[in-house]
Amino acid sequence: MGVPESRLSAVRSLRARAAPMLSPRRLTGPSATLIGTTVLMNVLRIANTVVLTRLLAPSDYGLIGIVMAIFFVITMITDTGCQAFIVRHERGLEREFLDAVWTIHVLRGAANALVAVALAVPLALLLDKHGLAPLMAVAAISLAIDGASSLSLLTALRRKMVRKLSIVDFVAFLVQLAVGLVAAWFLRSAWAIVIAIIAQSATRAIASYIVFPEAAHRLRLHRPIASELWRFSRLIAASSTLTLLISQVDRLVLARLFSLQQFGVYSIAGSLATAPIAVVHLYSSRIIYPALAEAWRTTPDRMRETFYGMRGAVFFGYLFAAGGLLGSASLLVRLLYDPRYAEASRYLHLLAITTAMIMLTKPMNEFMVSIGRVRMTLEMNITRVCWLLIAAALGYVWIGPIGIVAALALIELPAYCYGAFRLNRLGLYSLRHDLLAFAVIAAGGAVGGGAASFGLMMLGSR
């Protein structure tokens, strides 16, 4: 039997809504705003880093890197998966439902802040990093502010208000940038970045209440909704715990093995490598996941075609650029930073591998969650942890701390292989599409490597 015309119409409608994200001819509207603001934020972030590295010492970046790693650990351990829960839930726009979830969100933010304050002194002593405790205790204010933000930042995805949400993020980022630069000029210490982080959280929280409709909430304890959220999020919470282990183990371990100056240089490389990943997370959570969740509700028998049909100019453009970053790391660091940060290129060459691969694994994860296979998120992270435990230990024994970095750089490869295996068993995998993706990464790497060789040769001849 053929596919009913109603379902074909739904697929065409879905693809038409996704087309602005995927085609150069139709790169307009909300998707264009999302990509444009994200790319501009990354460019400004790098420019901001170039200026701040002239005002702040590598040790300042080392301290902030540790603070942010610890905050990431705390927030991931307590992750409830609110965004996926609200976007997918049939009651995702009901007032009673949102008030109950928001209450949990506020309590979680306050608890995270208190935990951060309580851990400040013990962790400073454990890591033997003087000056960490007061920075961490004050920066914890941002965790409480984030928790008090309106859920309108999440329901905006259901209301198809991606453009407005992107603009709010961009404005909050500009506030962080401006405050950070002014504070760094006067303070010349890590406190400047702490003040900027708090300013960004406050701006975003305020905007969440004044920019979006029906943004106000009131405290509401609702046991059935809390129980439902827990049942949905327990696998996500377990997976998030593994995610923090995977993504922050290098910072927590290397913070102990490296001096503050060495760790500050590593943090610069990490910042450059992870900046493009913001595009992947926003692309996946704000474009791919809502579209796939809607497709699952309307045309579940066409999920494979919908998933691979969403690949287009943005997807392949990112892969090519990520490959270019992999090949041109030495030239990029040489152009952007003074000689104190030259060693960052060594780390960036490795970390850029993850930057490229995550464009394949992150949408794959969103795909499985959208069809109700939440457990795969946990299973992919277990695969990553097993790889990390073995490869990092062997790498450290063989070549020292850089071996830990190399193990982390390759961590998305086993995750991709496992995800491809699971998708293939469900009849949802296409090797042809992914071979093309790897070819684009390789082409970007070749172009980037050639440009770096020529650029370094020209700089060396001066």
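This passage describes a nonpolar surface patch, a buried alanine and the aromatic pairs of a predicted model. Local features need pLDDT of at least 70 and side-chain atom pairs count only at pLDDT 80 or more, while totals for chains, interfaces and linings use all residues. Residues are numbered from 1 along each chain as its sequence is written, and side-chain values use heavy atoms, with hydrogens and water left out.

Aromatic pairs were sought among rings of Phe, Tyr and Trp (its six-membered ring) with centres within 6.5 Å; planes under 30 degrees apart count as stacked, over 60 as edge-to-face and the rest as tilted. The search of the whole structure finds six such pairs. The ring centres of Phe 307 and Phe 367 lie 4.4 Å apart with planes at 15 degrees, so this pair is stacked. Phe 307 belongs to helix 14 (residues 303–309) and Phe 367 to helix 16 (residues 344–370), 60 residues apart; helices are DSSP runs of H or I with at least four residues, numbered from the N terminus. Both Phe 307 and Phe 367 are buried, where buried means under 20% relative accessible area, exposed over 50% and partly exposed in between (1.4 Å probe, protein chains only). Tyr 416 and Phe 438 form an edge-to-face pair, 5.3 Å centre to centre with 85 degrees between the planes. Tyr 416 is buried at 7% relative accessible area, whereas Phe 438 is partly exposed at 28%.

Ala 415, in helix 19 (residues 412–425), is buried, with a relative accessible area of 0%. Its C-alpha lies 5.3 Å from that of Met 380, although Ala 415 and Met 380 are 35 residues apart in sequence.

Notes. Helices (H or I, at least four residues) and strands (E, at least two) are DSSP runs, numbered from the N terminus.
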